Structures are given as structure tokens and as C-alpha cells.
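Here are some friendly notes to read with the model open beside you. Take the points in order, and find each residue in the viewer as you go.

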Amino acid sequence: MSASAVLAAAGGNTPSIPAPHVEYGQLSPMLVVFGAAVAGVLVEAFVPRRLRRWTQVSLSLVALVGAFVAVVVLAAQGHGAPRIALLAMESVALDGPALFLQGVILLVAVVTVLTYAERRLEPKAGGEPADAFAAQAAATPGGEQERAAVRAGFTTTEVFPLTMFAVGGMLLFPAANDLLTMFVALEVFSLPLYLLCALARRRRLLSQEAAVKYFLLGAFASAFFLFGTALLYGYAGSVKLVDIADIVSGKTMTTAAQLSSTRSDVLLLTGLAMLAVGLLFKVGAVPFHSWTPDVYQGAPTPVTGFMASATKVAAFGAFLRLFYVAFPGLRLDWRPVLWGVAILTMVVGAVLAVTQQDVKRLLAYSSIAHAGFILTGVIAVNKQGLSSVLFYLAAYSFVTLGAFAVVTLVRDSKGEATHLSSWAGLGRRSPLVAAVFALFLLAFAGIPLTSGFTGKFAVFQAAAAGGATPLVIVGVLSSAVAAFFYIRVIVLMFFSDPKPGGPTVAIPSAFTATAIGVGVLVTLGLGLLPQYFLDLASKASLFAY
């Protein structure tokens with residue numbers, strides 16, 4: 001008997017399964033990026049090798065710009081503020097912080113794709129221009145297959161769809177409104193990054209070592225996050241952030257199972273601690289920071305810049321949503337812990353950076369210290385703290401991208417010259433490049449008239465208003481220590497004699513020049529005229545509940 005006959009015999013009263021309602025227009029920024037990522041995979045399968053690079057670059061840039069335009073249109077239509085909404089069966093939030101952070105991530109991704117496309121810095125391979133990525137990713141480092149790929153002038157264009165998948169996950173991560181969606185987003189952007197870290201053209205073994213370390217530690221962090229999700233589901237009977245907040249505050253208590261599970265706070269506090277471990281790993285906070293210097297040093301420098309900027313934006317966005325939406329009722333429990341984490345992160349990052357002799361490792365420890373500065377704004381637990389963190393993330397991202405783009409220009413016969421001794425006298429060899437790098441270092445140090453000063457002032461002011469004045473004092477002292485090693489590099493560049501036969505500064509193409517130029521403009525713009533962007537961050541500081 002057919003299905004229709006069975007339904008007719010039953011009187012047609014069988015209830016149907018409701019179709020899910022998905023707001024495609026409001027989810028368009030993420031859908032455009034994921035669509036481009038899938039299209040990029042098809043490009044790898046069907047487009048001839050000689051045409052893939054330009055096809056992938058064009059596809060990625062068009063998709064990222066289109067997604068950013070979609071974000072701007074949604075914001076102009078009032079989505080995010082004052083119109084906030086929960087989309088895709090309440091699993092994704094469309095609110096001010098989500099749109100603001102998505103816009104920042106997309107702009108960072110545009111600049112990142114420009115640095116990926118650079119082919120003037122590396123020596124030619126097989127008569128063809130080469131980029132920063134391995135000629136053939138699957139080849140054994142130093143083996144005959146790799147040498148043959150280099151001689152043939154192959155390029156690893158898979159980096160573009162991998163990056164687009166990572167960007168898509170980063171767009172979803174700070175907008176996720178339930179823990180399972182947040183976990184899926186975490187894995188979607190983490191797995192491509194593990195692969196991208198292993199694709200450096202030079203120092204292949206160091207690059208692959210960095211990828212293995214990142215993968216193993218990242219897997220542990222993801223397991224912590226997932227186990228914490230399970231415990232919180234056991235406590236609250238839901239993975240939605242708003243439902244968890246209602247259970248924690250006592251607004252909702254309807255079933256006997258909930259009464260039983262919430263009688264003890266062990267599940268709640270243990271689950272929250274495990275979620276925090278997963279997120280603190282992603283932001284590179286102490287004591288979950290050990291992967292950062294090794295991975296930053298071993299990964300291809302354009303990938304390092306992407307990780308140091310976009311990953312921090314996405315991870316702190318999810319961090320804010322988790323603690324501000326799901327656990328505001330537990331602030332007396334988690335604030336003291338974050339106090340300790342923030343203090344350790346600022347102090348360890350600043351002190352260990354002083355001892356570094358490699359530029360990429362120095363910037364890695366600098367990023368750890370900046371994670372501590374951002375945590376001071378998170379700890380404020382007020383609207384001012386939220387808006388200051390949003391501004392800081394935007395400012396920090398472009399300074400970091402610009403700094404790592406400059407690192408790609410200083411080269412010797414082995415590739416990038418990242419040892420600090422190689423940077424001696426750089427101001428005499430190439431005054432413009434040294435001056436630009438000095439500007440980025442001054443922004444990291446928080447010197448007035450740069451975006452770094454405005455960002456630090458904003459988060460410290462918010463923390464002081466939130467009753468965390470001792471934390472601000474530690475932050476200021478750590479900033480003073482950090483300023484020492486930034487100034488040391490500037491002195492080395494401008495007041496030391498260049499070594500004979502030392503590294504040279506390569507002349508970049510328009511791609512890298514544009515990336516560095518954008519970093520300079522944002523650094524000066526947010527430092528000299530910050531008020532519009534501070535107001536924009538303030539208007540965006542309203543979560544959907």
C-alpha cells in the first residue's frame with residue numbers, strides 16, 4: 001500500500017513534521033562566504049592549474065567584499081541595533097556585537113587574501129613567481145616529489161578555500177546562540193587553520209611541527225569545550241544560552257529533572273570552567289598560551305597574521321557572548337578567576353617578550369599580553385566594557401596584520417630574516433619600511449596618537465568604572481614593560497649599524513603594499529580620529545537575549 005493510501009486510510013490526521021525556518025537574507029554574510037568556500041573547492045577540481053590562482057584570488061575577494069556589503073546593509077536596515085533577532089531556529093543571533101565583529105573579520109580577511117596573493121618576495125620556482133606556501137602540500141619536505149613540484153612552479157591554491165571556510169566559521173562563532181552551534185563553528189574555523197600552519201614554503205619541518213602542536217593542543221581544547229557543553233546540558237536541560245541564563249538565575253524551573261539537576265552547582269561550575277578553558281586557549285591566554293610562540297613562528301607569515309588577528313576577534317566575540325548572555329548571574333564566581341587569568345596573561349606576555357630574539361616570537365608574546373589587556377575590558381561587565389573590547393579588537397587586528405606583512409619584506413638568502421640581529425640598521429637600509437614597522441610597534445605599546453593608545457585607554461577606563469582598578473594598575477605596569485621591548489626594536493633599527501652582507505628589504509607588489517597601507521591608515525585613523533568608531537562600538541554593544 002502506498003504512503004498516500006495509508007494517510008487516506010488514517011483519515012489524513014497524521015501530524016506533519018514542520019519545516020525549519022531559515023532567514024537566508026539575514027544570514028547572507030555567512031552564506032556568501034561558505035558558498036565561496038565550496039566554489040573554491042570546485043575550482044581546485046575543475047579549473048586548469050595555470051588559471052587557479054587568479055580564479056581563487058578573485059573569487060575570495062569578491063565574496064568577502066560582498067559579505068561585508070551584506071553586513072553593512074543589515075546594519076543600515078537597523079538589524080543589530082535597535083532590531084535584534086534570533087535566526088535559524090534561535091541558534092544564531094543577529095545583534096550589534098555579531099554584526100560589528102563580522103564586519104571586522106571580513107575586512108581582516110580581505111587584507112589577508114592580499115598577503116596570500118603576494119608573489120614578488122620569494123625567488124622564482126621553475127621560472128614561475130612563487131608565494132609563501134609550499135609548492136605541493138602533500139610532498140615530503142626535502143623529498144624528490146617536492147623538488148619536482150618546485151621545478152614545475154606549482155602553487156598551493158587550496159589555501160584560499162581553506163581560508164574561506166575558516167572565515168565562515170569565524171563569522172558564526174561570535175554569533176552562535178547555543179553551545180552546539182558554537183562548537184561546530186569552533187571546529188569549522190580551527191580545522192583549516194591546522195592545515196594552513198603546515199604549508200610554509202621555507203622551513204617546512206618547522207611549519208609542520210607547528211601544525212602538529214596546534215592540532216594536538218587544539219583538539220584538547222575542543223574536547224574541554226564539548227565536555228563543558230555536555231555538563232551544562234545536564235545541568236540546564238538546554239544548550240541555548242538564554243535558557244541556561246534563565247535556569248542559573250532561577251527564572252525558569254519547571255520539571256522535576258531540572259529541580260534534580262540544579263540542586264547542586266557542581267555540573268554548572270565544572271561545565272563553565274571547561275568552556276572557559278576552550279575559549280582561553282583560542283585567545284592565547286595564560287596558562288593556555290604555550291602553543292602561541294611556536295605556532296606563530298612556524299606557520300607561513302601571512303597565516304600567522306590572519307590567526308593573530310581574526311582568530312582573536314572571533315574567540316573574544318564568543319567569549320563575550322558566553323559570559324555576558326549565558327552567565328551574567330555567575331559573575332561573582334567567574335570574575336575572580338578571570339582577574340587571575342588576566343593578570344598572569346599580561347605579566348607573562350610582557351616579561352617573556354623581553355627575552356625573545358625572533359621577531360615572530362616577540363609578536364607572539366605581544367599578542368599574549370594584548371589578550372590580557374582585552375580581558376580587563378571583559379571583566380568590567382558593563383556596556384562600556386563591551387564597547388571598549390569591540391573597539392580594541394578592531395584596532396589590534398589591523399596593527400597585527402600590518403606588522404606581520406612588514407616581517408615578510410625583510411629577507412636573506414634563506415627567506416624571511418626574523419632574528420632580531422638581522423633588523424639592525426634597517427632604518428638606514430630602508431627608512432620607510434622601518435618607520436612603518438616602528439609605527440606598528442608604537443601602536444602595540446599604546447603610545448598616544450595611535451589606535452593602540454585609544455584601545456588601551458578605553459578598556460582600562462571601563463575596567464576602572466567596573467571596580468577593577470587594581471587590574472588597571474597591573475595593566476599599566478605591564479604596558480610599561482612591554483614598551484621596553486618595542487622601543488628596543490626601534491632603537492635597533494634606527495641607531496645600530498647594519499651588518500655587511502645583511503638582509504635586504506624586498507620590494508612588494510601592490511598586494512602587500514595595500515595590506516601595509518591599510519594597516520597604517522587604520523592605526524593612524526583610530527588614533528587621531530577615534531570618536532566615530534568608539535560611538536559605533538557603543539551603539540553595537542547590545543546582545544540579543
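1. Let's begin with one small detail: the backbone oxygen of Ala 405 lies 2.5 Å from a polar atom of the side chain of Thr 408. Please keep in mind that this is a predicted model. Where does Thr 408 sit? You will find Thr 408 in the loop between helix 16 (383–407) and strand 3 (410–412). Being in a loop does not leave this residue in the open here: Thr 408 counts as buried because its relative accessibility is 7%, and the cut-off for buried is under 20%. Leaving aside neighbours within four places in sequence, Thr 408 is in contact with Leu 121, Thr 301, Pro 302, Glu 416 and Thr 512.

2. One of those partners, Thr 512, leads us to helix 21, where Thr 512 is among the buried residues. The others in that list are Phe 511, Ala 515, Ile 516, Gly 519, Val 520, Thr 523, Leu 526 and Gly 527. What do the buried residues of helix 21 pack against? Their partners are helix 3 (49–76), helix 4 (96–116), helix 16, helix 18 (431–445), helix 19 (451–465) and helix 22 (531–539). The length of helix 21 (residues 510–528) makes a nice check: at 1.5 Å a residue, its 19 residues should span 27 Å, and the end C-alpha atoms are 26 Å apart, which agrees.

3. Now step back to the whole chain. How many helices and strands are there in the chain? There are 22 helices and five strands. The radius of gyration is 24 Å, close to the 24 Å that the globule rule gives for 545 residues, so the chain is as compact as a globular protein of that length. Along its principal axes, the C-alpha trace spans about 90 × 65 × 40 Å.

4. What share of the residues counts as buried? The figure is 58% of the 545 residues. The chain exposes about 21000 Å², and carbon and sulfur atoms supply 70% of that area. Contacts also reach across the sequence: among those between residues at least 6 apart, 80% join residues at least 24 apart.

5. Inside, the largest nonpolar core has 178 residues. Which of its members touch the most other members? They are Phe 173, Phe 327 and Phe 437. Try selecting Phe 173: setting aside neighbours within four places in sequence, its contacts are Met 182, Ala 185, Leu 186, Phe 189, Leu 279, Ala 314, Ala 315 and Ala 318.

6. Two more helices are worth a look. Helix 6 (residues 159–172) has 14 residues, which should span 20 Å at 1.5 Å a residue; its end C-alpha atoms are 20 Å apart, in agreement. Helix 6 is mostly covered, with 13 of its 14 residues buried. Helix 8 (residues 204–236) has 33 residues and reaches 47 Å from its first C-alpha to its last, close to the 48 Å expected. Helix 8 is followed by Gly 237, whose phi is positive, near 70°.

7. Next, compare two helix residues. Are Gln 297 and Leu 344 buried or partly exposed? Gln 297, in helix 12 (residues 291–298), counts as buried because its relative accessibility is 16%. Beyond residues up to four places away, Gln 297 touches Arg 203, Leu 206, Asp 358, Lys 360 and Arg 361. Leu 344, in helix 14 (residues 331–354), counts as partly exposed at 44% relative accessibility. Leaving aside neighbours within four places in sequence, Leu 344 is in contact with Val 286 and Gly 349.

8. Finally, some backbone geometry to check. Most residues other than glycine have a negative phi, and most peptide bonds are trans. Against that background, the peptide bond from Val 286 to Pro 287 is cis, with omega near 10°; Pro 287 is in the loop between helix 11 (266–283) and helix 12. Ala 88 has a positive phi, near 50°, and Glu 90 has a positive phi of about 65°. Ala 88 lies in the loop between strand 1 (85–87) and strand 2 (92–94), and Glu 90 is also in the loop between strand 1 and strand 2. Ala 88 is buried, with a relative accessible area of 13%, whereas Glu 90 is partly exposed at 38%.

Terms used. Residues are numbered from 1 along each chain as its sequence is written. Side-chain values use heavy atoms; hydrogens and water are left out. A nonpolar core is a set of buried Ala, Val, Leu, Ile, Met, Phe, Trp, Tyr and Cys residues joined through side-chain atoms within 4.5 Å. Buried means under 20% relative accessible area, exposed over 50%, partly exposed in between (1.4 Å probe, protein chains only). Contact means heavy atoms within 4.5 Å. Helices (H or I, at least four residues) and strands (E, at least two) are DSSP runs, numbered from the N terminus. A polar contact is a pair of N or O atoms within 3.5 Å; within protein, one must be able to donate a hydrogen and the other to accept it, and residues adjacent in sequence count only if both atoms are side-chain atoms. The expected span of a helix is 1.5 Å times one less than its number of residues. The radius of gyration is taken over C-alpha atoms; the globule rule is 2.2 Å times the number of residues to the power 0.38. Accessible areas come from the Shrake-Rupley method with a 1.4 Å probe; for residues, only the protein chains shown count as cover.
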